[in-house]
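Thanks for sharing this one. I have put a few comments together below, and they are best read with the structure open beside them.

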Amino acid sequence: AIMINVPSSYRAGIELSAKMLITKKWSWEPSITLSRNKIKTFTEYIDDWDTYEQIAVKHTNMDLSFSPSLIANSSLSWNVFKGLNVNLISKFVGKQYIDNTQSSDRQLDPYFVNNLLVKYTLNPCFVKEISFSVMVNNLLNEKYESNAWVYRYSYENSLQKLDGYFPQAEINFMAGISVKL
């Protein structure tokens, strides 16, 4: 297969983030990225299994693969009492294509995932800090893929594809201890 770098592309956008202290115990950190990620022009090469040659297809003004135009994050934090913090971390990723042809049959669907982090911190006299944390990842058990691959070819005068998607873990847990000396 002929693999090439895209000769002419651009990424343009805006990222906004904020931190708001709602009360003494509550804070919110939202962020959003809006972007336009385009390939001005490129040639796709598709293997032809009947002739052992390649079909060249020119594309113009296509979305870059794995470049969603919308990403949004949120971190809602609650300081329950001194040392105990609960944080709801949310992330939305818009649709993205798995190749540079901007084809709807080769795209990752948008997804929205929430994680919950509970952290308790102590300040004993023998070290600066000890933190205990528990994180619940994919709190709402969202079924989604965050990556994929695709191979296009022609066989018996018909365009075909082989593709694979990488499903992400369902709800899972992680615990940790951190010591600052």
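Which residues make the nonpolar surface patch of about 710 Å²?

1. In this predicted model, the patch is made by Phe81, Tyr120, Leu122, Phe132, Ile177, Val179 and Leu181. Strands β9 and β13 (172-180) each supply at least two of these residues, and Leu122 lies in β9. You may like to start from that strand, as the next points do.

2. On one side, β9 (residues 111-122) is joined by 10 bridges to β6 (residues 84-93), and the two strands run antiparallel. A handy place to check the register is Ser90, which stands opposite Asn114 in β9.

3. β9 also pairs with β10 (residues 129-137), again antiparallel, through 7 bridges. These two strands form a hairpin, with 6 residues between them. Here Tyr120 stands opposite Phe132 in β10, and both Tyr120 and Phe132 belong to the nonpolar patch.

4. A general reminder may help when you look at β9: in a regular strand the side chains alternate between the two faces of the sheet.

5. Please look at the second largest pocket too, with its volume of about 160 Å³. Its lining has 13 residues, and those closest to the centre are Lys91, Val113, Asn115, Asn138 and Tyr144. The elements that give two or more residues to this lining are β6 and β9. By type, the lining divides into 7 polar, 5 nonpolar and 1 charged.

6. To tie the points together: β9 supplies residues to the nonpolar patch and also to the lining of the second largest pocket.

Methods: Residues are numbered from 1 along each chain as its sequence is written. This is a predicted model: local features need pLDDT of at least 70, side-chain atom pairs count only at pLDDT 80 or more; totals for chains, interfaces and linings use all residues. Side-chain values use heavy atoms; hydrogens and water are left out. Two strands pair if DSSP finds at least two bridges between them. Helices (H or I, at least four residues) and strands (E, at least two) are DSSP runs, numbered from the N terminus. On a 1 Å grid over the protein atoms alone, a cavity is a set of points where a 1.4 Å probe fits but cannot get out, and a pocket is an open set with protein on both sides within 12 Å along at least five of seven lines; lining residues have an atom within 4 Å of a point. Grid points are joined across faces, edges and corners, and a volume is the space filled by probe spheres set on the points. Ala, Val, Leu, Ile, Met, Phe, Trp, Tyr, Cys and Pro count as nonpolar, Asp, Glu, Lys and Arg as charged, and the others, Gly among them, as polar. Patches are made of residues with over 30% relative accessible area and no salt bridge: like charges are joined within 9 Å, nonpolar side chains (Val, Leu, Ile, Met, Phe, Trp, Tyr) within 5 Å. Accessible areas come from the Shrake-Rupley method with a 1.4 Å probe; for residues, only the protein chains shown count as cover. A salt bridge is a side-chain nitrogen of Lys or Arg within 4 Å of a carboxyl oxygen of Asp or Glu.
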